[in-house]
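Visitor: I'm new here, and I'd like to hear how the labels get their meaning. Could you walk me through it?

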Amino acid sequence: MNIENDHLLATLDTLCQQQGLRLTKSRREVFELMLRSGHAIGAYDLLDMLQTTTPSAKPITVYRALDFLSAYGFIHRIASDSTFVVCRHPQDTSVGQLLICERCGSVTEAHTSVSMQSLEAQAAKIGFKINRQTIEAHGICQHCG
């Protein structure tokens, strides 16, 4: 691992402890595997990786870990291709925008509250309260473009 990944793993441990969340061995392992992969990854790819150290691991183990990590903002689900990526700013509660390169598959997080404020205003007009929002933008990154 590298310094940034070590920091994210330590942040996961700290935030779970502070919030009284149960960070099981399998949840932590799935998070570590995602950090090691360095890119968006699917549940079955994670299962294959997990089974190298835990041969008895089942799909439900991975899906439960992903549900937990996603629910508490430690990872993002990329709905357009059913993959997951580590959240690089888990303590930032502003809206996340995921910038996804269509060529290399890299995912970059952007954070701004402007789009959320506009959407919340529109939602309030119809009596809808937004709990969470993620925007996916597909395009070409600077390395590929």
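Visitor: What is the bridge partner of G96 in β5?

Guide: In this predicted model, G96 is bridged to T134 of β5.

Visitor: How do you know that β3 and β5 count as paired strands?

Guide: Pairing takes at least two bridges. Strand β3, residues 96-101, is joined to β5 by six bridges, so the two strands pair. They run parallel.

Visitor: What holds paired strands of a sheet together?

Guide: Backbone hydrogen bonds do that job, in either a parallel or an antiparallel arrangement.

Visitor: And what is the strand order in the open sheet of three strands?

Guide: The order is β4-β3-β5, and the pairing is mixed. On average, neighbouring strands in this sheet are turned by 25 degrees against each other, ignoring direction.

Visitor: What makes β4 and β5 edge strands?

Guide: Each of them pairs on one side only. β4 covers 107-111, and β5 covers 134-139.

Visitor: Let's pick a residue. Why is T108 called partly exposed?

Guide: T108, which sits in strand β4, has a relative accessible area of 45%. Buried means under 20% and exposed means over 50%, so T108 falls in between and is partly exposed. Setting aside neighbours within four places in sequence, T108 is in contact with Q97, L98 and L99.

Visitor: Now the cysteines: why don't C101 and C141 count as a disulfide?

Guide: A disulfide needs the two sulfur atoms within 2.5 Å. The closest cysteine sulfur to that of C101 belongs to C141, and it is 3.7 Å away, so that is too far for a bond. The disulfide count comes to zero.

Visitor: Are C101 and C141 buried or exposed?

Guide: C101 has 5% relative accessibility and C141 has 17%. The cut-off for buried is under 20%, so C101 counts as buried, and so does C141.

Visitor: Which residues have the most contacts inside the largest nonpolar core?

Guide: They are V30, F31, M34, L46, L66, L69 and F74, in a core of 26 residues. α1, α2, α3, α4 and β2 each supply at least two residues of this core. Another core, of five residues, lies apart from it, with I78, V85, L98 and I100 among them.

Visitor: What does M34 touch beyond four places in sequence?

Guide: M34 touches I41, L46, L66, I75, F84, V85 and V86.

Notes:
Residues numbered from 1 in each chain as written. Predicted model: local features only at pLDDT ≥ 70, side-chain atom pairs only at ≥ 80, totals over all residues. Heavy atoms only, no water. Buried < 20%, exposed > 50% of the residue type's maximum accessible area, 1.4 Å probe, protein only. Helix = DSSP H or I, 4+ residues; strand = E, 2+ residues; numbered from the N terminus. Axes fitted to C-alpha atoms, helices over the stretch in contact; angles between N-to-C directions. Core = buried A, V, L, I, M, F, W, Y, C linked by side-chain atoms within 4.5 Å. Contact = heavy atoms within 4.5 Å.
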